[in-house]
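Reader: I have a structure open and a list of terms I only half understand. Can we go through them one by one?

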Amino acid sequence: MQNMASYNVIHLVIWLTFLSLVQLPMRSHCADPGPLQDFCVADLNSPVLVNGFPCKNPANVTSNDFFFDGLQKLGTVFDALNVNLTEVDVFAFPALNTLGMSMNRVQFHPGGENPPHIHPRATELSLVTEGKLFVGWVSTAYTLNWKILTAGQVFVIPPGLVHFQLNVGKGNALFYAFFNSQNPGISKIAPALFASTPLIPDPVLTTAFNVNKTIIDLIKSRASVLIP
Ligand code: GLV
Ligand code: MN
């Protein structure tokens, strides 16, 4: 009987060791899953709902599917914070489906700011090509890591952490962000807290920020302009 019990315990230990070894690489895997075929150009109109998008019929895929020329011209429409953001994600470029990559081009007028935000599904690599940008991100220990970047310089932002870019130069600034996800997602902190639908109730925010309702109402009245 005792032999049987120790046999079961040994069995359990072997299984737990096996499971933890199998799980380890998965837990440290914070990018999109790898592709199971050469390509899977997204069929964005398919009614099928899966993680990512179903593939367009490979028989109908041509070189044009792997080509994107939407960055040829600089953008001309700037938001309230003096930024023009062009996303080259799976929605703009369906060939990225299953390939685990995407990019953004971000243009700044003087004083322009890409306000504090997170990407829930990606690490970001930021390359400045023009101007002078103050780039920063905050760790979970609430340490601000920052640099003032000029052309040719790169900063990396770990996944899911709050970060921002502010044009601190005299002229325009331009940078490219590269992501290890076809769909990094973006959540801007100010509209998430002060312009959600429905709004977060005042008592939640007055307590969280340790201020009175007048201040929360003032921020709420201004935050809606930040909604992309
Ligand atoms: C910059 O942080 C971007 O997300 O494009
Ligand atoms: Mn970003």
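Author: Of the 228 residues in the protein chain, 31% count as buried. This is a predicted model, so every value here is computed from it.

Reader: What makes a residue count as buried?

Author: Its relative accessible area must be under 20%. Take Asn 97. Its relative accessible area is 1%. The cut-off is 20%, so Asn 97 is buried.

Reader: Where is Asn 97, and what is it in contact with?

Author: Asn 97 is in the loop between strand S1 (83-88) and S2. Leaving aside neighbours within four places in sequence, its contacts include Cys 40, Val 41, Phe 53 and Gln 182.

Reader: How do you know that the side chain of Asn 97 makes a polar contact with Phe 53?

Author: The side chain reaches the backbone oxygen of Phe 53 at 2.7 Å. A polar contact needs a pair of N or O atoms within 3.5 Å. The value of 2.7 Å is within that limit, so the pair counts.

Reader: Why is Asp 89 called buried?

Author: Asp 89 has 10% relative accessibility. That is under 20%, so the word is buried. Asp 89 also lies in the loop between S1 and S2. Apart from neighbours within four places in sequence, it is in contact with Leu 96, Ser 102, Met 103 and Gln 182.

Reader: And Asp 202: why buried?

Author: Its relative accessibility is 15%. Again the value is under 20%, so Asp 202 is buried. Asp 202 is in helix H3. Setting aside neighbours within four places in sequence, it is in contact with Lys 213, Ile 216, Asp 217 and Lys 220.

Reader: Why is Tyr 142 called exposed?

Author: Exposed means over 50%. Tyr 142 has 73% relative accessibility, so it counts as exposed. Tyr 142 is in the loop between strand S5 (133-138) and strand S6 (144-149).

Reader: What makes Gly 160 partly exposed?

Author: Gly 160 stands at 34% relative accessibility. Partly exposed lies between the 20% and 50% cut-offs, so the term fits Gly 160. Gly 160 is in the loop between strand S7 (154-157) and strand S8 (162-167).

Reader: Which residue has its C-alpha atom 4.7 Å from that of Gly 160?

Author: Pro 120 does, although the two are 40 residues apart along the chain. Gly 160 also touches Ile 118, His 119 and Ala 122, not counting residues up to four places away in sequence.

Reader: How many of the contacts in the chain join residues at least 24 apart?

Author: The share is 68%, among contacts between residues at least 6 apart in sequence.

Reader: Now ligand 1. How do you know that it sits in a cavity?

Author: A molecule sits in a cavity if more than half of its atoms lie within 2 Å of the cavity's grid points. Ligand 1 sits in the largest cavity, so it passes that test. The elements that give two or more residues to its shell are strand S2 (102-108), strand S3 (113-118), S8 and strand S9 (173-179). S9 gives the most, with three residues.

Reader: What makes Asn 114, His 117 and Gln 165 polar contacts of ligand 1?

Author: Look at the distances from a polar side-chain atom to an oxygen atom of ligand 1. For Asn 114 the distance is 3.4 Å. For His 117 it is 3.0 Å. For Gln 165 it is 2.8 Å. The limit is 3.5 Å, so each of these pairs counts. The protein covers 100% of the 190 Å² of accessible area that ligand 1 has on its own.

Reader: What is noted about the backbone of Thr 98 and Tyr 142?

Author: Each has a positive phi without being a glycine. Phi of Thr 98 is near 75°. Phi of Tyr 142 is about 60°. Thr 98 is in the loop between S1 and S2.

Reader: Which residues does a cis peptide bond join?

Author: Thr 197 and Pro 198, with omega about -10°. Pro 198 lies in the loop between helix H2 (189-194) and helix H3 (202-209).

Reader: Last one. How many helices and strands are in the chain?

Author: There are four helices and 10 strands. Along the sequence the pattern is α-β-β-β-β-β-β-β-β-β-β-α-α-α.

Methods. Residues are numbered from 1 along each chain as its sequence is written. Chains are lettered from A and ligands numbered from 1 in the order in which they are written. This is a predicted model: local features need pLDDT of at least 70, side-chain atom pairs count only at pLDDT 80 or more; totals for chains, interfaces and linings use all residues. Side-chain values use heavy atoms; hydrogens and water are left out. Buried means under 20% relative accessible area, exposed over 50%, partly exposed in between (1.4 Å probe, protein chains only). Contact means heavy atoms within 4.5 Å. A polar contact is a pair of N or O atoms within 3.5 Å; within protein, one must be able to donate a hydrogen and the other to accept it, and residues adjacent in sequence count only if both atoms are side-chain atoms. Accessible areas come from the Shrake-Rupley method with a 1.4 Å probe; for residues, only the protein chains shown count as cover. On a 1 Å grid over the protein atoms alone, a cavity is a set of points where a 1.4 Å probe fits but cannot get out, and a pocket is an open set with protein on both sides within 12 Å along at least five of seven lines; lining residues have an atom within 4 Å of a point.
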